[in-house]
Amino acid sequence: ADQFNSLHEALVARLSDIALRFARPHLHLACQFDSLEDVGNVEYLMDVALQAGWQASMLDLAEMGALPDGQFANAQDQPISACFKLYPWEWLVREPLAEHLASSRTQWLEPVWKMVLSNKALLPLLWARHAGHPNLLAAHFSAAPFGAARHVAKPLLSREGANITVLEGGQALLATGGAYADQRFIIIINTFKFFLLP
């Protein structure tokens, strides 16, 4: 009859803590309204925010704008003091609104520095500094270090397993489709027994 973890309660508690930083806590929750999955996720988070003591409203990203001073605003020109967005930073920085990111006083509940962590280019850099570490897989920007060994090519910025290719001896054994094929890739050694193909 109930969930088997305390994630919901932890989200409410954390949003309650964050709300204390604002004199009048209003959280805008933004996503692309043409994605039913995103709208459903943001509706849930809005319910969590309301339980945590926020005033909250949903915002279609297409309606987000900026005031003359660079402050982000909703369609009614109300300043956005706090915002959760279900939209990747690497996409947002390519939007016209990106020029206001530095000057806006909007507090993002997923800070912009998280963009570094979502970029798989971090994996070869970590491997170069800490090769052999038990919590890392061998990762490079080229397949050359792996020779004919089975390896996996992954786009730097992708979602939900899109455009991943398993290769061995230069031949693709398995590939997933997606919209990220035009990006640079990283190469990771395939050591997962459950993922090995016959």
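In this predicted model, strand S9 (residues 165–168) pairs with S10 in the antiparallel sense, and 4 bridges join the two. Together they make a hairpin with 2 residues between the strands. Within this pairing, glutamate 168 faces glutamine 171 of S10. The turn contains glycine 169, whose phi is positive at about 60°. Strand S10 spans residues 171–175, and the number of its 5 residues that are buried is 0, so the strand lies largely in the open.

The hairpin belongs to a wider arrangement, an open sheet of 5 strands in the order S7-S11-S8-S9-S10, with antiparallel pairing. Strand S7 (139–140) and S10 take the edge positions with a single partner strand each, so one side of each has no neighbour in the sheet. At the S7 edge, the partner is strand S11 (residues 185–189), and this antiparallel pair is held over 2 bridges. Here alanine 139 has isoleucine 188 of S11 as its bridge partner. As background, strands of a sheet pair through backbone hydrogen bonds, in either a parallel or an antiparallel sense.

Attention now turns to the nonpolar cores. The largest one has 19 residues, and Leu15, Leu27, Leu29, Ala49 and Trp54 have the most contacts inside it. At least two residues of this core come from each of helix H1 (7–19), strand S1 (26–31), helix H2 (36–51) and strand S5 (82–85). H2 gives the most, with 6 residues. A second core, separate from this one, has 12 residues, including Ala30, Leu59, Ile80 and Leu97. In general, nonpolar side chains of soluble globular proteins tend to be buried together.

Leucine 27 offers a handy view of the surroundings. Leaving aside residues up to four places away in sequence, leucine 27 touches Ala49, Trp54, Gln55, Ala56, Ser57, Ala82, Cys83, Phe84 and Leu109.

Helix H2 itself rewards a second look. Its buried residues are Asp38, Val39, Val42, Leu45, Met46, Val48 and Ala49, and the buried residues of H2 pack against H1, S1, strand S2 (55–60) and S5. A simple check of helix geometry also works out nicely: at 1.5 Å a residue, the 16 residues of H2 should span 22 Å, which agrees with the 23 Å between its end C-alpha atoms. After H2 comes glycine 53, which has a positive phi near 100°.

Definitions and conventions: Residues are numbered from 1 along each chain as its sequence is written. This is a predicted model: local features need pLDDT of at least 70, side-chain atom pairs count only at pLDDT 80 or more; totals for chains, interfaces and linings use all residues. Side-chain values use heavy atoms; hydrogens and water are left out. A nonpolar core is a set of buried Ala, Val, Leu, Ile, Met, Phe, Trp, Tyr and Cys residues joined through side-chain atoms within 4.5 Å. Buried means under 20% relative accessible area, exposed over 50%, partly exposed in between (1.4 Å probe, protein chains only). Contact means heavy atoms within 4.5 Å. Two strands pair if DSSP finds at least two bridges between them. The expected span of a helix is 1.5 Å times one less than its number of residues.
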